[in-house]
Amino acid sequence: MSDFPLPVLFIMAVFFSMWMIMRVFHKHEKAKRALPALDVYLQAHGQAEPSCHACGAVELKEEGLSHGKDSQRFVSCAKCKALLYRFERPQAAEEAVPVDAHWRPLDSAERRE
Ligand SMILES: [Zn+2]
């Protein structure tokens, strides 16, 4: 064995595996950002309705690019997990509800109690 003490080897192994995980993750992130827009995807694969170009499945999975509510969406195949296309979702109307939208003054029956 080498002259390195075991804890040092262990820490090096941990850092190396973390680096590998980050590398794979970063590659996946880059691939998502490089996806074609929906109309480009449909045109490239001659489709009218989006389906998976790899396995033909019509079950697709939509996710936010960086977080769940991201307006930048990317779509992957639900079966073979191939990355398909991305699109931008307009800001959802229900997210723009003002904080006090459900507030109302007490009516007279509640006020008496
Ligand atoms: Zn597929």
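Before you start clicking, one term: a strand here is a DSSP run of E with at least two residues, and strands, like helices, are numbered from the N terminus. Keep in mind that you're looking at a predicted model.

**The whole chain.** Start with everything selected. You should find three helices and three strands, and if you walk along the sequence they come in the order α-α-β-β-β-α. Try colouring by burial too: of the 113 residues in the protein, just 4% are buried.

**Helix α2.** Now select residues 38-45, which make up helix α2. How many of its eight residues are buried? The count is zero, so this helix is hardly covered, given that a residue needs 20 or more other C-beta atoms within 10 Å of its own to be called buried. Step just past the end of α2 and click on G46, where phi is positive, at about 60°.

**Strands β1 and β2.** Next, pick residues 60-64 (β1) together with residues 72-77 (β2). These two run antiparallel, and five bridges join them. To see a facing pair, highlight G64 and look across to R73 in β2.

**Strands β2 and β3.** Keep β2 on screen and add residues 83-88, which are β3. This pair is antiparallel as well, again with five bridges. Which residue in β3 is the bridge partner of V75? Select Y85 and you've got it.

**The turn.** Finish where β2 hands over to β3: the two form a hairpin, with five residues between them. Click on K81 in that turn, and you'll land on a positive phi of about 65°.

Technical notes. Residues are numbered from 1 along each chain as its sequence is written. This is a predicted model: local features need pLDDT of at least 70, side-chain atom pairs count only at pLDDT 80 or more; totals for chains, interfaces and linings use all residues. Two strands pair if DSSP finds at least two bridges between them. Helices (H or I, at least four residues) and strands (E, at least two) are DSSP runs, numbered from the N terminus. A residue is buried if 20 or more other C-beta atoms lie within 10 Å of its own, exposed if 12 or fewer, and partly exposed in between; C-beta atoms are placed from the backbone.
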